[in-house]
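User: Hey, I've just started looking at protein structures. Could you walk me through this one?

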Amino acid sequence: IIAEKSHIGIWEMDYIRNKSTWNNELLNQYGTNDKEMSVEPLRHLIDYMHPEDKDAVVSKTYNFIALGGDIIEFEFRIIHGLSQETRILKALIIAERNSDKKVTKLIGTNIDITEKKLQEKTLENHLKQQELLAEISLEINNSASLNERINFVLNKMLIHTEASRVYIFENIDNGRACSNTFELCRPGISPIIGKQKYISYIDDI
(Lines give C-alpha, C1' and ligand atoms only; values in the text may rest on other atoms or scores of the structure.)
Protein backbone atom coordinates (compact mmCIF):
# COMPACT_ATOMS: atom_id res chain seq x y z
CA ILE A 1 0.00 0.00 0.00
CA ILE A 2 2.84 2.39 0.90
CA ALA A 3 4.53 1.73 -2.44
CA GLU A 4 1.30 2.41 -4.35
CA LYS A 5 0.60 5.65 -2.44
CA SER A 6 4.21 6.77 -2.93
CA HIS A 7 4.07 5.88 -6.66
CA ILE A 8 6.94 3.41 -6.35
CA GLY A 9 6.98 0.61 -8.90
CA ILE A 10 8.29 -2.65 -7.46
CA TRP A 11 9.32 -5.85 -9.20
CA GLU A 12 11.00 -9.06 -8.07
CA MET A 13 12.67 -11.89 -9.97
CA ASP A 14 13.20 -15.14 -8.04
CA TYR A 15 15.80 -17.21 -9.89
CA ILE A 16 15.30 -20.25 -7.62
CA ARG A 17 11.57 -20.55 -8.22
CA ASN A 18 11.77 -18.99 -11.70
CA LYS A 19 9.01 -16.58 -10.76
CA SER A 20 8.52 -12.84 -11.25
CA THR A 21 6.16 -10.49 -9.42
CA TRP A 22 5.35 -6.78 -9.69
CA ASN A 23 2.90 -4.23 -8.34
CA ASN A 24 0.28 -2.17 -10.15
CA GLU A 25 2.33 1.02 -9.94
CA LEU A 26 5.05 -0.55 -12.09
CA LEU A 27 2.43 -1.40 -14.71
CA ASN A 28 1.16 2.19 -14.60
CA GLN A 29 4.67 3.58 -15.01
CA TYR A 30 5.25 1.60 -18.19
CA GLY A 31 1.70 1.72 -19.51
CA THR A 32 1.33 -2.06 -19.69
CA ASN A 33 -0.77 -4.78 -18.03
CA ASP A 34 -0.46 -8.11 -16.18
CA LYS A 35 -1.20 -10.18 -19.28
CA GLU A 36 1.63 -8.63 -21.32
CA MET A 37 4.04 -8.70 -18.38
CA SER A 38 3.42 -12.37 -17.58
CA VAL A 39 4.95 -13.71 -20.82
CA GLU A 40 8.58 -12.60 -20.32
CA PRO A 41 8.71 -9.76 -17.76
CA LEU A 42 12.29 -8.55 -18.13
CA ARG A 43 12.26 -8.63 -21.92
CA HIS A 44 8.88 -6.90 -21.89
CA LEU A 45 10.16 -3.99 -19.78
CA ILE A 46 13.27 -3.66 -21.94
CA ASP A 47 11.04 -3.19 -24.99
CA TYR A 48 9.65 0.01 -23.41
CA MET A 49 13.05 1.59 -22.90
CA HIS A 50 14.02 4.62 -24.95
CA PRO A 51 16.13 3.51 -27.96
CA GLU A 52 18.97 5.82 -26.92
CA ASP A 53 19.09 4.35 -23.39
CA LYS A 54 18.27 0.70 -23.98
CA ASP A 55 21.73 -0.72 -24.73
CA ALA A 56 23.38 1.14 -21.85
CA VAL A 57 20.74 0.03 -19.33
CA VAL A 58 20.82 -3.60 -20.45
CA SER A 59 24.63 -3.65 -20.38
CA LYS A 60 24.74 -2.01 -16.95
CA THR A 61 22.20 -4.45 -15.52
CA TYR A 62 23.82 -7.60 -16.89
CA ASN A 63 27.26 -6.44 -15.76
CA PHE A 64 25.83 -5.83 -12.30
CA ILE A 65 24.44 -9.37 -12.23
CA ALA A 66 27.64 -10.94 -13.55
CA LEU A 67 30.23 -9.00 -11.58
CA GLY A 68 28.88 -9.59 -8.09
CA GLY A 69 27.43 -6.23 -7.02
CA ASP A 70 24.80 -5.96 -4.29
CA ILE A 71 23.02 -2.75 -5.27
CA ILE A 72 22.89 -0.44 -8.28
CA GLU A 73 21.08 2.82 -9.07
CA PHE A 74 20.62 4.57 -12.41
CA GLU A 75 18.23 6.75 -14.41
CA PHE A 76 16.78 5.96 -17.81
CA ARG A 77 14.02 6.95 -20.18
CA ILE A 78 11.08 4.89 -21.36
CA ILE A 79 8.36 5.34 -23.98
CA HIS A 80 5.06 4.99 -22.13
CA GLY A 81 3.01 2.20 -23.67
CA LEU A 82 -0.30 4.10 -23.67
CA SER A 83 0.53 7.80 -24.00
CA GLN A 84 3.77 7.31 -26.00
CA GLU A 85 5.29 10.03 -23.83
CA THR A 86 8.95 9.92 -22.92
CA ARG A 87 9.19 9.41 -19.15
CA ILE A 88 12.25 9.36 -16.90
CA LEU A 89 12.58 6.65 -14.25
CA LYS A 90 15.05 6.28 -11.41
CA ALA A 91 15.80 2.62 -10.78
CA LEU A 92 17.31 0.78 -7.83
CA ILE A 93 18.14 -2.93 -8.03
CA ILE A 94 19.19 -5.11 -5.10
CA ALA A 95 20.71 -8.55 -5.70
CA GLU A 96 20.51 -11.46 -3.31
CA ARG A 97 23.32 -13.97 -3.93
CA ASN A 98 24.32 -17.43 -2.71
CA SER A 99 27.74 -18.39 -1.34
CA ASP A 100 29.06 -18.67 -4.89
CA LYS A 101 27.99 -15.08 -5.61
CA LYS A 102 25.33 -16.30 -8.04
CA VAL A 103 22.15 -14.24 -8.08
CA THR A 104 19.20 -15.96 -6.42
CA LYS A 105 16.84 -12.98 -6.44
CA LEU A 106 16.62 -9.47 -7.87
CA ILE A 107 14.42 -6.84 -6.23
CA GLY A 108 13.91 -3.57 -8.06
CA THR A 109 12.13 -0.26 -7.56
CA ASN A 110 11.28 2.45 -10.06
CA ILE A 111 10.26 6.03 -9.35
CA ASP A 112 8.97 8.32 -12.08
CA ILE A 113 11.08 11.50 -11.81
CA THR A 114 9.93 13.14 -15.04
CA GLU A 115 8.27 16.12 -13.36
CA LYS A 116 11.23 16.60 -11.03
CA LYS A 117 13.62 16.65 -13.98
CA LEU A 118 11.42 19.14 -15.83
CA GLN A 119 11.35 21.42 -12.79
CA GLU A 120 15.12 21.20 -12.47
CA LYS A 121 15.50 22.04 -16.17
CA THR A 122 13.13 25.00 -15.85
CA LEU A 123 15.07 26.32 -12.86
CA GLU A 124 18.37 25.80 -14.68
CA ASN A 125 17.09 27.70 -17.72
CA HIS A 126 15.79 30.50 -15.50
CA LEU A 127 19.17 30.87 -13.80
CA LYS A 128 20.94 30.90 -17.16
CA GLN A 129 18.59 33.63 -18.40
CA GLN A 130 19.24 35.72 -15.29
CA GLU A 131 23.01 35.33 -15.77
CA LEU A 132 22.65 36.25 -19.44
CA LEU A 133 20.64 39.39 -18.66
CA ALA A 134 23.16 40.45 -16.04
CA GLU A 135 26.05 39.94 -18.46
CA ILE A 136 24.25 41.84 -21.23
CA SER A 137 23.40 44.69 -18.85
CA LEU A 138 27.05 45.11 -17.91
CA GLU A 139 28.14 45.06 -21.55
CA ILE A 140 25.51 47.58 -22.65
CA ASN A 141 26.84 50.07 -20.09
CA ASN A 142 30.53 49.74 -20.91
CA SER A 143 32.58 52.15 -23.02
CA ALA A 144 32.80 50.06 -26.20
CA SER A 145 31.27 51.29 -29.45
CA LEU A 146 27.57 50.72 -30.12
CA ASN A 147 28.29 48.13 -32.82
CA GLU A 148 30.63 46.21 -30.53
CA ARG A 149 28.04 46.13 -27.75
CA ILE A 150 25.25 45.04 -30.08
CA ASN A 151 27.37 42.27 -31.60
CA PHE A 152 28.23 41.07 -28.09
CA VAL A 153 24.54 40.89 -27.21
CA LEU A 154 23.66 39.10 -30.44
CA ASN A 155 26.43 36.56 -29.92
CA LYS A 156 25.22 35.83 -26.40
CA MET A 157 21.65 35.43 -27.64
CA LEU A 158 22.78 33.14 -30.47
CA ILE A 159 24.55 30.86 -28.01
CA HIS A 160 21.75 30.93 -25.44
CA THR A 161 18.88 30.21 -27.84
CA GLU A 162 20.85 27.76 -30.04
CA ALA A 163 19.21 29.46 -33.02
CA SER A 164 20.66 29.61 -36.52
CA ARG A 165 20.53 33.42 -36.57
CA VAL A 166 19.40 36.34 -34.40
CA TYR A 167 18.24 39.81 -35.47
CA ILE A 168 17.54 43.31 -34.32
CA PHE A 169 14.70 45.18 -36.03
CA GLU A 170 14.14 48.92 -35.69
CA ASN A 171 10.95 50.86 -36.30
CA ILE A 172 10.94 53.07 -39.39
CA ASP A 173 8.46 55.11 -41.43
CA ASN A 174 6.86 56.63 -38.32
CA GLY A 175 6.22 53.23 -36.80
CA ARG A 176 4.45 51.80 -39.85
CA ALA A 177 7.26 49.34 -40.62
CA CYS A 178 10.50 47.91 -39.32
CA SER A 179 13.93 47.24 -40.77
CA ASN A 180 16.48 44.54 -40.00
CA THR A 181 19.49 46.59 -38.92
CA PHE A 182 21.64 43.93 -37.22
CA GLU A 183 22.01 40.20 -37.80
CA LEU A 184 24.35 37.48 -36.55
CA CYS A 185 24.43 34.00 -38.08
CA ARG A 186 26.03 30.72 -37.16
CA PRO A 187 28.80 29.41 -39.43
CA GLY A 188 27.35 28.08 -42.67
CA ILE A 189 24.14 30.13 -42.39
CA SER A 190 23.67 32.77 -45.09
CA PRO A 191 22.61 36.23 -43.87
CA ILE A 192 19.31 37.66 -45.07
CA ILE A 193 19.61 41.13 -43.57
CA GLY A 194 19.54 42.69 -47.05
CA LYS A 195 16.12 41.19 -47.76
CA GLN A 196 14.43 42.65 -44.68
CA LYS A 197 14.96 46.38 -45.02
CA TYR A 198 11.28 47.29 -45.10
CA ILE A 199 8.69 45.08 -43.42
CA SER A 200 5.26 46.65 -43.16
CA TYR A 201 3.35 46.03 -39.94
CA ILE A 202 0.15 46.09 -41.98
CA ASP A 203 1.00 44.24 -45.19
CA ASP A 204 3.86 41.92 -44.20
CA ILE A 205 3.17 40.86 -40.61
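User: What are we looking at, and is F169 buried, partly exposed or exposed?
Analyst: Keep in mind that this is a predicted model. Buried means under 20% relative accessible area and exposed means over 50%. F169 comes out at 35% relative accessibility, so the label is partly exposed.

User: Which residue forms an aromatic pair with F169, and how far apart are the centres?
Analyst: The pair is a tilted one, with 50° between the planes. The partner, Y167, is partly exposed too, with a relative accessible area of 31%. So F169 pairs with Y167, partly exposed at 31%, and centre to centre they sit at 5.6 Å.

User: How are the planes of F74 and F76 arranged: stacked, edge-to-face or tilted?
Analyst: F74 counts as buried, with 7% relative accessibility, and F76 is buried as well, at 3%. Their ring centres are 5.8 Å apart, with 45° between the planes. Planes under 30 degrees apart would count as stacked and over 60 as edge-to-face, so 45° falls in the rest. That makes the F74 and F76 pair tilted.

User: How many residues are in the largest nonpolar core?
Analyst: In soluble globular proteins, nonpolar side chains tend to be buried together. Here, the residues with the most contacts inside the core include Y30, F64, I93 and L106. Several elements each supply at least two residues, among them α5 (51–67), β3 (71–79) and β4 (86–97). The total for this core is 23 residues.

User: Which charged residue lies over the face of F64?
Analyst: F64 is one of the residues with the most contacts inside the largest core. The residue over its ring face is 5.8 Å from the ring centre. A charge counts as over a ring within 6 Å of the centre, if it is also within 35 degrees of the ring normal. The residue is R97.

User: Is D53 buried or exposed, and which backbone nitrogen lies 2.9 Å from its side chain?
Analyst: D53 sits in helix α5 and is buried, because its relative accessibility is 14%. Leaving aside neighbours within four places in sequence, D53 is in contact with F76 and R77. The backbone nitrogen 2.9 Å from a polar atom of the D53 side chain belongs to R77.

User: How far apart are the end C-alpha atoms of α6?
Analyst: Helix α6 has 27 residues, so at 1.5 Å a residue it should span 39 Å. Its buried residues are T114, L132, I136 and E139, and their cover includes β4, β5 and α7. The end C-alpha atoms agree with the expected span, at 39 Å.

Conventions
Residues are numbered from 1 along each chain as its sequence is written. This is a predicted model: local features need pLDDT of at least 70, side-chain atom pairs count only at pLDDT 80 or more; totals for chains, interfaces and linings use all residues. Side-chain values use heavy atoms; hydrogens and water are left out. A nonpolar core is a set of buried Ala, Val, Leu, Ile, Met, Phe, Trp, Tyr and Cys residues joined through side-chain atoms within 4.5 Å. Buried means under 20% relative accessible area, exposed over 50%, partly exposed in between (1.4 Å probe, protein chains only). Helices (H or I, at least four residues) and strands (E, at least two) are DSSP runs, numbered from the N terminus. Rings of Phe, Tyr and Trp (its six-membered ring) pair if their centres lie within 6.5 Å; planes under 30 degrees apart count as stacked, over 60 as edge-to-face and the rest as tilted. The expected span of a helix is 1.5 Å times one less than its number of residues. Contact means heavy atoms within 4.5 Å. A polar contact is a pair of N or O atoms within 3.5 Å; within protein, one must be able to donate a hydrogen and the other to accept it, and residues adjacent in sequence count only if both atoms are side-chain atoms.
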